[in-house]
Structures are given as structure tokens and as C-alpha cells.
Amino acid sequence: MASLLRRRHTHPSAASVSAHLLRRFSALPDLDPSPASPPVPAPTLAAPAAPRASIIDLQLAVRAATDPDRLLALVASALSNPDYHRLHTSRPLFSLAAARLARFHRPDLTASLLDQLLASAPPTPGILARALSLFPSPNDAVRAFSSSPPAARSDVSLSALLSALLRAGRLDELKSTFKSAESALGVAPGCASHNVLLHALVKTSEHAAARKLLNEMAKKKFKHRPAPDIISYNTVLAGFSAKDDAEEFEKLLKEISENKLEPNITTYNCRVQWLAKKEETFRGVELLDVMESKGVLPNYVTYHALVQGYCKEGNVGAAMRVFKKMKVMKRREGRSDLRVSVHALTYMVLFRSLVESERLDDALWICNSCFAMKAAPPFAAVKGLVDGLVKGGRSADAKNVVSKMNFLVNGDAKVTWEKVAGKLSIEEGAPSSNP
């Protein structure tokens with residue numbers, strides 16, 4: 001046993017792995033097998049695990065491909081290979097392939113790949129919806145839905161089509177498609193499709209129309225309207241929050257409770273953002289305990305609203321405590337699903353407020369955290385930090401900040417930063433501290 005533990009294994013380089021994967025999925029054979037060395041059949045027990053491993057290998061090959069035509073050929077050949085069990089349902093694979101082709105600026109190949117997926121897959125609403133969400137053009141999405149078999153058409157796939165039109169900003173076409181869906185497409189819009197329409201109405205500031213539609217969904221006498229879910233209420237709630245309509249906002253929260261709908265993270269984020277906007281951020285912090293008791297995990301939107309709210313109120317000490325709590329929760333063992341990775345904007349808001357409040361130690365810590373993320377803080381705030389450090393006899397810290405900014409800032413912003421840096425006066429002072 002000890003000898004086995006001491007045994008060293010050599011690992012192939014990343015380049016050799018990528019090359020091997022590309023050869024493996026090539027139409028050309030890698031090496032001709034020798035007649036003297038026939039392949040050894042795999043054990044029967046290992047067979048079920050092979051397809052899953054093959055899909056993972058295919059994803060790695062797609063990621064390593066540097067030619068878009070080659071990438072398309074890899075996935076297309078796998079679609080026609082019966083050895084890939086349930087390949088059509090692999091959301092990560094097709095999302096990755098579409099993203100890679102988008103980086104190559106080849107929307108034509110993306111559309112071709114998704115057309116091949118739909119042609120070879122069983123006609124199901126889920127697969128059609130996934131393809132519609134990945135088509136680079138809404139025209140492709142409309143074409144794919146119009147040519148799809150009836151078995152693939154449902155509220156799920158219809159909502160994906162409407163979402164494609166929403167992303168493209170074709171709101172009039174979205175509304176007309178929704179209105180004629182049952183007669184022209186053979187699909188009666190359900191809750192998912194209604195939610196997309198609600199989103200479109202809120203986006204165009206048609207809040208009264210959105211409220212009317214939500215009311216019809218909530219009343220049983222409108223048989224053609226499905227019952228609303230929490231997403232329906234969240235969509236309209238966010239709209240009235242943006243409109244700053246306190247009366248409707250509170251009414252919607254009451255209706256959510258009366259209809260016994262369970263608030264989710266979006267509901268709580270709407271409430272936290274509302275309270276922060278009203279300069280009642282402390283009440284938003286109290287909601288964190290409620291969320292915890294309900295099993296709803298806060299995300300970066302939650303914490304950004306709290307940090308921004310406290311900064312707006314001038315309470316940077318409380319903002320810093322919330323920020324540190326977020327960092328602690330992210331590191332907490334077993335809570336990696338919190339999704340509270342800090343958004344760069346949160347750093348910027350907090351950094352600016354700390355500089356204005358002359359909390360230099362905290363500001364320097366946030367500034368160095370920005371540098372670690374390769375994000376340049378706001379120039380005016382950096383100037384304020386440097387001036388404050390020099391004034392406090394910490395010229396070495398100030399020089400370090402300027403040096404890192406000189407290294408980090410590039411492109412068009414370089415000229416602006418050089419003008420700011422040229423006006424800085426950094427004198428020799430005390431040795432650098434490391435807060």
C-alpha cells in the first residue's frame with residue numbers, strides 16, 4: 001500500500017488533451033489499429049457510464065475547437081451517433097456550442113446547429129424551447145416554431161418564442177403573436193406565456209395594462225386566463241417599484257400573501273430594493289433573517305441593494321458590515337450555492353462612499369480587492385484615496401495604488417487616468433501599512 005501511495009503519475013498537458021479530444025471526434029481516424037493488438041472489449045458493468053463520459057469529452061472538444069466549421073462538425077456528427085444517449089437533452093453542451101459560435105461571429109452556423117438538433121431530436125416542447133432560446137435571431141426562432149410538429153408546441157415552447165421576440169425588442173410582434181397564438185399556432189397561452197406578456201407591458205411602462213392583465217389572471221371568471229404564479233406578481237411588483245407607486249406596491253405584496261403564493265428571491269429582492277430606495281435599509285437587513293427562515297438564499301442583488309442603500313443614507317459603517325457579512329456567507333462551508341459573488345458595481349459604490357467618509361483603511365482594502373479582480377475603481381475616488389493617504393503620511397501606500405492603476409488601466413481610459421495621475425502629489429512618507 002505504501003508503495004502505491006508513493007507512486008507518481010504523469011499527467012498530460014492541457015494542449016495534448018485538447019489535441020487528443022479533437023482527434024477523437026474527428027471524422028478521420030486517429031491511428032489505424034494494429035491487427036496484432038485487437039481492442040479489448042469493455043467490461044459489461046462499465047457500459048452505462050460510457051455515454052455520460054463521452055458527452056463530457058465532447059464538451060471539452062467543443063471548448064478546445066478553434067475553427068467554427070470544425071466545431072459544428074463535431075456536434076453534428078455526435079447528433080447522428082446512436083452511442084450518445086440523450087444527447088439532445090444536454091443543455092450545457094448546446095449552450096456552450098452556441099456561445100462559442102457567437103464568439104466566432106457565426107450566427108449562420110448556430111442556426112444550422114439548432115436546426116439539426118430539432119431535426120434529429122424527439123418533438124418535445126422542452127427541446128424546442130431550448131433551441132428557441134439559443135437561436136441568434138428572432139426570425140430563426142419564428143421559423144423554427146412555425147415549422148415544428150404539433151407535439152412540440154405548448155405553453156413552454158410558446159413562451160420561449162415570445163421571449164426571443166422580447167429580447168429582440170420586437171414588442172408589437174410579441175403582442176400580436178400572443179393574441180393569435182391559439183388560432184394561428186394551435187397553442188393556448190398559459191401562465192408562462194402570460195408572464196412574458198406581463199414583462200413586455202412593464203418594459204414599455206404600460207403598468208395599467210399589466211395590472212389589468214394580472215387581475216384577470218387572478219379572477220376565476222376569466223376562463224381564458226391562467227392563474228398567476230409568483231413570477232407573474234414579481235414582474236408587476238418590479239414595475240410598480242420602478243414607477244415608485246407605493247400604493248400598488250403594497251397592494252401586490254398583500255395579494256401575494258392572500259393568494260398563498262410563496263415569495264422567492266426575486267420577491268424579496270424587490271422588497272429590499274424598495275426599502276433601500278425609501279432610505280429604510282435597516283428594514284431590508286431584517287428581511288435577511290426572514291429569508292433565512294424560509295430557506296430563500298440571498299444573492300448579489302440582495303446585498304448590492306443593501307450596500308447601496310446604506311451608502312445613500314451616509315451610513316458607510318453599516319454598508320461595510322453588510323459587505324463583510326456577504327463575503328463571510330460566500331466562504332461558509334456547505335453554502336456555495338448562495339450565489340453571492342460580489343458584483344464589481346458593489347465595490348465601486350462602497351469604495352466611493354468610504355473615500356468620501358475618509359475611512360482610508362477600509363477604502364484601501366476595497367481598492368486592493370478591485371485590483372485583484374482586475375477592475376479599475378473610479379478615478380476621482382482613487383484620487384481622493386491617494387490624497388488622503390499622502391496627507392496621513394502613507395506615501396508608500398499611495399505610490400502602490402498609483403502603480404497598480406498605471407498597470408491596470410489601458411485603452412481609451414489610459415489617457416484620462418494619466419491626466420488624473422499627473423495632478424497627484426506623492427511625497428515620501430511613512431512605510432506602507434497593509435490593512
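Welcome to the tour. Start at the largest pocket, whose lining is made up of six nonpolar, eight polar and one charged residues. What you have open is a predicted model.

**Stop 1: the largest pocket**

This pocket has a volume of about 280 Å³. To find its middle, select Asn-234, Thr-235, Ala-238, Thr-266 and Cys-270, the closest to the centre among the 15 lining residues. Now colour helix H12 (191-203), helix H14 (230-243) and helix H16 (265-277), the elements that each give two or more residues to the lining. Which of the elements supplies the largest share of this lining? Look at H14, which brings seven residues.

**Stop 2: the second largest pocket**

Next, select Leu-118, Ala-119, Leu-128, Ser-148 and Pro-149. They lie nearest the centre of the second largest pocket, which is lined by 15 residues. Helix H6 (107-120), helix H7 (125-134) and helix H8 (138-146) are the elements that give two or more residues to this lining. The largest share comes from H6, with three residues. The volume here is about 190 Å³. By class, the lining holds ten nonpolar, three polar and two charged residues.

**Stop 3: helix H7**

Stay with H7 and show its side chains. How many of the ten residues of H7 are buried? Seven of them are, so to speak of H7 as mostly covered is fair. The buried residues to select are Ile-127, Leu-128, Ala-129, Arg-130, Ala-131, Leu-132 and Leu-134. Leu-128 is also one of the residues nearest the centre of the second largest pocket. To see what covers the buried residues of H7, switch on its surroundings, which include helix H5 (91-103), H6, H8 and helix H9 (155-167).

**Stop 4: aromatic pairs**

The structure holds four aromatic pairs, and two of them are on this tour. Begin with Phe-323 and Tyr-347, an edge-to-face pair with 5.2 Å from centre to centre and 80° between the planes. Phe-323 sits in helix H19 (residues 316-331) and Tyr-347 in helix H20 (residues 344-356), so the two helices carry partners 24 residues apart, and the pair links distant parts of the chain. Are these two rings buried or exposed? Phe-323 is buried, with a relative accessible area of 0%, and Tyr-347 also counts as buried, at 4% relative accessibility.

Keep those two rings on screen and add Trp-365: ring pairs link Phe-323, Tyr-347 and Trp-365 into a cluster.

Now move along to Phe-379 and Trp-417. Their ring centres are 5.5 Å apart and their planes meet at 55°, so this pair is tilted. Phe-379 belongs to helix H22 (residues 379-391) and Trp-417 to helix H24 (residues 413-422); with their positions 38 residues apart, this pair too links distant parts of the chain. Phe-379 has a relative accessible area of 18%, which is under the 20% limit, so it counts as buried. Trp-417 is buried as well, at 0% relative accessibility.

**Stop 5: confidence**

To finish, colour the chain by pLDDT. The average is 85, and 83% of the residues score at least 70. Then select residues 1-15, where pLDDT stays under 50 and the model has one contact beyond four places in sequence. Residues 42-53 also stay under 50, and for them the model has two contacts beyond four places in sequence.

How values were computed: Residues numbered from 1 in each chain as written. Heavy atoms only, no water. 1 Å grid on protein atoms, 1.4 Å probe; cavity = no way out; pocket = protein on both sides within 12 Å on 5 of 7 lines; lining within 4 Å. Points joined across faces, edges and corners; volume = space filled by probe spheres on them. Helix = DSSP H or I, 4+ residues; strand = E, 2+ residues; numbered from the N terminus. Nonpolar A, V, L, I, M, F, W, Y, C, P; charged D, E, K, R; others polar. pLDDT = per-residue confidence, 0-100. Contact = heavy atoms within 4.5 Å. Buried < 20%, exposed > 50% of the residue type's maximum accessible area, 1.4 Å probe, protein only. Phe/Tyr/Trp six-rings, centres within 6.5 Å; stacked < 30°, edge-to-face > 60°.
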